[in-house]
Amino acid sequence: MKTQLYQQNPSLKKDYTKALQYYKNIVESDGGSIVIGPNYRLGVMYYHGLGVDENKEMAFIYFSRESLGAASLSKKTHVLNSYFTSLVNFNLATMMYNGIGTEQDYEMAYKYFRRSANWYKGSFLDHRFMPAIYYIGKM
């Protein structure tokens, strides 16, 4: 993906501003629901202030959009992205659990930790997302 070149390729100068624009273009062109990842990557950029001012609320919004987009795809078309989907839901859950970018909400955090933990179930990896299991046990 062209956007990843600007963000991850060591031979190119990192250009978060260009990466940000490309991710936004992808999200605007297909609503972010067909291509897996751009909403998540925008969330990471806003969360850490990469190419934009740090904004946890915007990060939460983009993570939420990514989670909704992933949930709308069947697991069969999404098996190779099962770790990624678990990670998106885990990030949302930890933000809800700690009240980062949104109001603290243990009930919703628990639901998203469960989503994260259960996404692997039945996939070729056949194990669960362990960090989510930790938080579920902690709650």
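One salt bridge is the full count here, in what is a predicted model. Side chains of opposite charge can pair when their charged atoms come close. The partners in this structure are Glu54 and Lys56. Their closest N and O atoms lie 3.5 Å apart. That pair counts because a salt bridge needs the side-chain nitrogen within 4 Å of the carboxyl oxygen. Now look at how open Glu54 is. Its relative accessibility is 52%, so Glu54 counts as exposed. The cut-off for that label is over 50%.

Next, move along to helix 7. This helix covers residues 106–118. Two tyrosines in it are worth a look: Tyr106 and Tyr112.

Start with Tyr106. Its relative accessibility is 45%, so Tyr106 counts as partly exposed. Tyr106 also helps to make a nonpolar patch on the surface. Its partners there are Tyr110 and Met139. Together, the three residues make a patch of about 300 Å².

Now turn to Tyr112. Is Tyr112 buried or exposed? Its relative accessibility is 11%, so Tyr112 counts as buried. The limit for buried is under 20%.

Which residues does Tyr112 touch, once its neighbours within four places in sequence are left aside? Tyr112 is in contact with Ser67, Asn89, Leu92, Ala93 and Met96. Take Met96 from that list. Tyr112 and Met96 sit 16 residues apart in sequence. In space, their C-alpha atoms are 8.9 Å apart.

Find both tyrosines in the structure above. Tyr106 is partly exposed, whereas Tyr112 is buried.

Key
Residues are numbered from 1 along each chain as its sequence is written. This is a predicted model: local features need pLDDT of at least 70, side-chain atom pairs count only at pLDDT 80 or more; totals for chains, interfaces and linings use all residues. Side-chain values use heavy atoms; hydrogens and water are left out. Patches are made of residues with over 30% relative accessible area and no salt bridge: like charges are joined within 9 Å, nonpolar side chains (Val, Leu, Ile, Met, Phe, Trp, Tyr) within 5 Å. Accessible areas come from the Shrake-Rupley method with a 1.4 Å probe; for residues, only the protein chains shown count as cover. Helices (H or I, at least four residues) and strands (E, at least two) are DSSP runs, numbered from the N terminus. Buried means under 20% relative accessible area, exposed over 50%, partly exposed in between (1.4 Å probe, protein chains only). Contact means heavy atoms within 4.5 Å.
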